[in-house]
Amino acid sequence: MASPPALLSSALLLLLLAGAGASTNAVRYQTLVATPLSSHPYTAPAAVAGEDDGLFEGSLAAGESDAASTVGLRLVHRDDFAVNATAAELLAHRLQRDKKRASRISAAAGGAAANGTRGRGGGGSGFVAPVVSGLAQGSGEYFTKIGVGTPVTQALMVLDTGSDVVWLQCAPCRRCYDQSGQVFDPRGSRSYGAVDCAAPICRRLDSGGCDLRRKACLYQVAYGDGSVTAGDFATETLTFAGGARVPRVALGCGHDNEGLFVAAAGLLGLGRGSLSFPTQISRRFGRSFSYCLVDRTSSSASSMTSRSSTVTFGSGAVGPSSAASFTPMVKNPRMETFYYVQLMGISVGGARVPGIAESDLRLDPSTGRGGVIVDSGTSVTRLARPAYAALRDAFRGAAAGLRLSPGGFSLFDTCYDLSGLKVVKVPTVSMHFAGGAEAALPPENYLIPVDSRGTFCFAFAGTDGGVSIIGNIQQQGFRVVFDGDGQRLGFVPKGC
């Protein structure tokens, strides 16, 4: 029989072993720098607001762009065009626009499923484009500057992975909204060409028509928030930073544009449909592109320095495969525009959330309902209501040491009072996709400031709209690779 000291030693050993086992299951944390929103009015930096920035100096002659390996553009956030608005006011407006966009996407996906239709929005190896943050309400969050026509007219275009048709405002305007910069006038462009009503590309339009007198193809794109653009369907040369020129891009030349569009000259449709920009340039550059979105609140995003946001088209978009974590794209036969992926689960604090069922996030190909899309223009990630509730409850439990703020903010129902704190330990959050891909989110991608007092909210929301959406707040800092040639989507951490 063991002596009392031996029994005590055994008991201590068991406690130590139990403690070691518990430590392996301990909640994982990372550090958030708790910087509240500024209370001062925001003014757009001159580098963004200026028209003549030399972006298209030294453009290549026609045909020279065939040798280019990559073409890219900088991106700018819509908020960089705000005047005398505080950061809190900009966020409130952003969330209002976000709600409309999410509703439009859900209505589009649901409508295609109900009608059994295939939904559409409206050579060389690649090129890179600068991106600026700037949302046309209900249509996208980030702007890029592109040259249109010959000679070039600079135009700010919304990047939108949730639609296909490329369009911009054109003179003469019957109805046009205020935009930043000169309205494009096709009468002054040597490379502008009208599309004939009988042309096959005209028949690809969901809402197309014909001017019988001119035998000219007409287009119309209507958005769920009531915004509409309509006019002539034509072809034109687009010029990108560094001088790469892409001729004969089919686009809408809108003479009647009204609704909630702001600042941008038009929209660059990046969806998967037959009229999208990636599809149109696929024979010369392939069907792949990628973008990296710098945090819109960072100084680098505003000053457009070396860490500015960019979008890259062509072979350079994918980069070294070893750097990216890829998941297969999922095809929705009833909605061809959106980029669907299979989200398998989410971890909080290093542990999978058990209440997030794969079935809640899976696309049903027979009906076209459900599923998860990755979208450039939606800000806040929306998850099917049961999945969101499980994620929220798991985060609240793991973040029990933080002070919950009473009530919520806009669409957020989980907020914390971090006033007076400089750095905070927060539970880690990772998204897991089919094929083993993982996106481990930085803390600023899911706990965001909503006022100048130190209130931070968990930047996810629930949806009953059928389709879940991974928004651009969660995408910040990653290079998101849309490898259309390989039919896969990848995330490169710290890829800006």
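This tour of a predicted model moves from a small set of paired strands to the nonpolar cores.

**The sheet**

Begin by selecting β26, β31 and β30, which form an open, antiparallel sheet of three strands in that order. Strands of a sheet pair through backbone hydrogen bonds. Next, colour β26 (415-417) and β30 (447-449): each stands at an edge with a single partner strand, so one side of each has no neighbour in the sheet. On average, and with direction ignored, neighbouring strands here are turned by 30 degrees against each other.

Now restrict the view to β26 and β31 (residues 455-458), whose antiparallel pairing runs over three bridges. Show the residues C415 and C457; C415 stands opposite C457, which belongs to β31.

**The helix on the sheet**

Add helix α9, residues 385-398. This helix packs on the sheet and touches β26, β30 and β31. The direction of α9 makes about 135 degrees with that of β31.

**The cores**

Select F277, F313 and L447 next: within the largest nonpolar core, which has 75 residues, these three touch the most other members. Helix α9 supplies the largest share of this core, six residues. Colour domain 1 (87-111 + 319-493) and domain 2 (127-285) separately; both give residues to the core, so the core lies between them.

Centre on F277 and display its surroundings. Beyond its neighbours within four places in sequence, F277 is in contact with F127, D164, V166, L238, F240, V249, L268, G269, L270 and F313.

Finally, select A199, I201, F261 and L267, which are among the 22 residues of another core, lying apart from the largest one.

Methods
Residues are numbered from 1 along each chain as its sequence is written. This is a predicted model: local features need pLDDT of at least 70, side-chain atom pairs count only at pLDDT 80 or more; totals for chains, interfaces and linings use all residues. Side-chain values use heavy atoms; hydrogens and water are left out. Two strands pair if DSSP finds at least two bridges between them. Helices (H or I, at least four residues) and strands (E, at least two) are DSSP runs, numbered from the N terminus. Axes are lines fitted to C-alpha atoms, for helices over the stretch in contact, and angles run from 0 to 180 degrees between N-to-C directions. Contact means heavy atoms within 4.5 Å. A nonpolar core is a set of buried Ala, Val, Leu, Ile, Met, Phe, Trp, Tyr and Cys residues joined through side-chain atoms within 4.5 Å. Buried means under 20% relative accessible area, exposed over 50%, partly exposed in between (1.4 Å probe, protein chains only). Domain bounds come from an automatic or database domain assignment.
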